[in-house]
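Colleague: I've got a structure open and I'd like to talk through a few spots on it. Can I fire some questions at you?

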Amino acid sequence: MTLIKSMTGYGRAVETVNGREFTVEIRSVNNRYLDCTVKLPRSVSFAEEAVKQAVKASVSRGKVDVYITIKSETAEDTCIRLNASVLEGYLAAMRQMVTEFGVSDDISVSTVSRLPEVFSVEKPQVDEEQLLQDLMQVVGKTLAGYDAMRSTEGAALDADLRSRGNTIAELVTQVEQGNAQTVVDYRTRLEAKLKEVLAATNIDESRILTEAAIFADKVAVDEETVRLRSHLQQMNAMLDAGGAIGRKLDFLLQEMNREANTIGSKCTDVRLARIVVDIKAELEKIREQTQNIE
């Protein structure tokens, strides 16, 4: 069974591979689409696209930030070498200045060390393919932990949505029952009013039936409640299927709200109007939760 997942999540892994300590952190928040940002050392900038593709394979929606740091356990990363021939050339030229032009001889280590190309910075050759493989190993473990957290939150969202869906179904039943009673009550009041106005006990039954039928048609919510129940079943089916259903649920909720609004506009009874308010409140809570679903 494929569970739904939350868009918010966090994962972190620290692991030493081939003499390098990799620290990878992944965190995400809600977003309409997938937006992945990777922050990593310049020395491994070539790995950025591979990390993004790994995230894309696991995440469909959300603002995802990936932070990567790398520490080497060896001191061979950088080597500073003195360019002796360059230094000798500088010193010879400086001594010539002293001899020929009488310039004060203030040559010092601090002076010559600032001259261009006196030192060269050498970095050992890095096996980028191996480095990328090592990094992606840690990225994979981080994604696994991050995904597990999103699944745990997704399970809680699933349970909450189903519970609220059941509550709405119960409230819809109350509306259906109350709506039928509203028609009965209207007919009783109509008959009593006609008797009072006409001061007669024998009232044209057909007229009462006609008026009651017109009223019943006006306040009928059968079509809306049937569609609303169908939408609730569809929501449960989406939750059963799992996966990235956030946007689909959002569209479905728009339809549910449309039916609830129509029901509310037809309900003339105060008690039923309050029940419709409760339905709308539950739909709003579902909508808020849906914003967290991938």
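Colleague: Which exposed residues sit on the face of helix 7 turned away from its buried side?

Modeller: Keep in mind that this is a predicted model. The buried residues of helix 7 include Leu 249, Leu 252, Met 256 and Ile 263. Seen down the helix axis, the buried residues fall within an arc of 130°, so they line one face. The face turned away from that buried side carries Phe 251 and Ser 265.

Colleague: OK, and how far apart are the end C-alpha atoms of helix 7?

Modeller: Helix 7 runs over residues 246–266, which makes 21 residues. At 1.5 Å a residue, the helix should span 30 Å. The model agrees with that, because the end C-alpha atoms are 31 Å apart.

Colleague: Is Leu 82 buried, partly exposed or exposed?

Modeller: Leu 82 is found in strand 5, and it joins Ile 80, Phe 119 and Val 121 in a nonpolar patch on the surface. Buried would need under 20% relative accessible area and exposed over 50%. Leu 82 has 49%, so it counts as partly exposed.

Colleague: Which elements give two or more residues to the patch with Ile 80, Leu 82, Phe 119 and Val 121?

Modeller: Together those four residues have about 400 Å² of accessible area. The elements giving two or more residues to the patch are strand 5 (79–82) and strand 6 (119–122).

Colleague: Last one: leaving aside neighbours within four places in sequence, which residues is Ala 50 in contact with?

Modeller: Ala 50 lies in helix 1 and is partly exposed, at 26% relative accessible area. Its C-alpha atom is separated by 9.9 Å from that of Leu 135, 85 residues apart along the chain. Beyond its sequence neighbours, Ala 50 is in contact with Leu 132 and Met 136.

How values were computed:
Residues are numbered from 1 along each chain as its sequence is written. This is a predicted model: local features need pLDDT of at least 70, side-chain atom pairs count only at pLDDT 80 or more; totals for chains, interfaces and linings use all residues. Side-chain values use heavy atoms; hydrogens and water are left out. Patches are made of residues with over 30% relative accessible area and no salt bridge: like charges are joined within 9 Å, nonpolar side chains (Val, Leu, Ile, Met, Phe, Trp, Tyr) within 5 Å. Accessible areas come from the Shrake-Rupley method with a 1.4 Å probe; for residues, only the protein chains shown count as cover. A salt bridge is a side-chain nitrogen of Lys or Arg within 4 Å of a carboxyl oxygen of Asp or Glu. Helices (H or I, at least four residues) and strands (E, at least two) are DSSP runs, numbered from the N terminus. Buried means under 20% relative accessible area, exposed over 50%, partly exposed in between (1.4 Å probe, protein chains only). The expected span of a helix is 1.5 Å times one less than its number of residues. The arc is that of the directions from the helix axis to the C-beta atoms. Contact means heavy atoms within 4.5 Å.
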